[in-house]
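Dear colleague,

Please find below the structure that I am handing over to you. My findings follow directly after it.

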Amino acid sequence: MTTQSFEHITVLLNEAVDALNVRPSGIYVDGTFGRGGHSRLILSRLNEQGRLIVFDKDPAAIAVAQELARQDQRVSVFHQGFSHFDAACTELGISQIDGALFDLGISSPQIDDASRGFSFRFDAPLDMRMDTTRGESAAEWLMHADEQEIHEVIKNYGEERFSRQIARAIVAKRIEAPIHTTGQLAEIAAQCVRSREKGQHPATRTFQAIRIYINRELDEVAQVLPQVTTRLNTHGRLAVIAFHSLEDRIVKQFMREYSTHAPLPKWAAVREADLPKPPLRIVGKPIKAGAEELNYNPRARSAILRVAERTDGEFKLQAAFSR
């Protein structure tokens, strides 16, 4: 594992932690530790009885988290994706929590470390795994996936118009030689993408799609939201920062579905006020980075923070979020 240091600027730092409305003696979760910006601010608002549970797939992030845990016994660290939230709480003997924060997507150190293979800015091994200790790399997947599967991944997760052409070109190229590097993949995409938004590299959507698929990012989000809602205390907060429309759509749909009632038919002899209380209440409007933050951290431009609070209403998982 590389020991090189890469800068990480925490996005929506104060806004996200403020949204949790931290109780000093509460139990909180940072589902995406990164380099610990949100975690450290949460800890600063907890007293000695407070606890913080952190997750991350990235071994480099976990090394930082474990060092923090050695210094602060209130911290518990899990080298897992945050979809293991429920199992971690059970392992710790925790039935309820007071808040959870998720900063989704890829971090700056992961992008800027060429050896991780996330970026087409460098010619490096095509890895793309957030957790380099387990699972299949992007290069390994591209060696065996059939054309239809590659096409569907790039289309569905990258919203790429030229997904069919890129998939066909990948299959043709790998017959000649394995696609081992980011440079090879970027070149294939560039040859297939005939038009692109101004300022966007032609491989942007392909890289994004394969990264999301390799790390099961959307599945993780869909799995963790019901787990957290089940364990939130009344008035506990769920705060999620998304950077991409696909992940934000999952969060938005979940919060909307569990904070409202289904529309009543006109003939129903039930008043709206007599219906069971929804288990969530949306808190405020979605928050985006302000001009000052964007000035020193342009990567925050696509970040959107959504917040919901647990009510005392019963939570029953709907089929759409049971996967």
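Asp 56 is located in the loop that connects β2 (51-55) with α3 (59-71). The model is a predicted one, and in it Asp 56 counts as buried because its relative accessibility is 12%, below the 20% cut-off for that class. Beyond its neighbours within four places in sequence, Asp 56 is in contact with Thr 32, Phe 33 and Gly 34, with Ala 61 and Ile 62, and with Phe 78, His 79 and Gln 80. One polar approach deserves mention: the side chain of Asp 56 reaches the backbone nitrogen of Phe 33 at 3.3 Å.

Asp 56 also appears in an annotation. In an unreviewed entry, UniProt places the feature "binding site" at Gly 36, Gly 37, His 38, Asp 56, Phe 82, Asp 103 and Gln 110. Of these positions, I also looked at Gly 36, which sits in the loop between β1 (27-30) and α2 (37-44). Is Gly 36 buried or exposed? Gly 36 is buried, since its relative accessible area is 0%.

Turning to the chain as a whole, 13 helices and eight strands are present. The chain has 323 residues, of which 51% are buried. Where contacts link residues at least 6 apart in sequence, 69% of them join residues at least 24 apart. The exposed area of the chain is about 15700 Å², and carbon and sulfur atoms supply 50% of that area.

The interior merits separate comment. In soluble globular proteins, nonpolar side chains tend to be buried together. The largest nonpolar core here comprises 35 residues, and the members that touch the most others are Ile 97, Phe 102, Leu 225 and Val 228. At least two residues of this core come from each of β1, β2, α4 (85-92), β4 (97-103), α11 (217-231), β5 (232-242), α12 (245-257) and β8 (304-310). The largest share, six residues, is supplied by α11. Leaving out residues up to four places away in sequence, Leu 225 touches Leu 238, Val 240, Ile 250, Val 251 and Phe 254. Another core lies apart from this one; it has 31 residues, including Phe 118, Ala 138, Cys 192 and Ala 203.

For your own inspection, I would suggest beginning with the contact between the Asp 56 side chain and the backbone nitrogen of Phe 33, and then viewing the surroundings of Leu 225 in the largest core.

With kind regards

Definitions and conventions. Residues numbered from 1 in each chain as written. Predicted model: local features only at pLDDT ≥ 70, side-chain atom pairs only at ≥ 80, totals over all residues. Heavy atoms only, no water. Helix = DSSP H or I, 4+ residues; strand = E, 2+ residues; numbered from the N terminus. Buried < 20%, exposed > 50% of the residue type's maximum accessible area, 1.4 Å probe, protein only. Contact = heavy atoms within 4.5 Å. Areas by Shrake-Rupley, 256 points an atom, 1.4 Å probe, with all protein chains shown as cover. UniProt positions renumbered as here; feature names shortened; annotations may be inferred. Polar contact = N/O pair within 3.5 Å; in protein donor to acceptor, adjacent residues only side chain to side chain. Core = buried A, V, L, I, M, F, W, Y, C linked by side-chain atoms within 4.5 Å.
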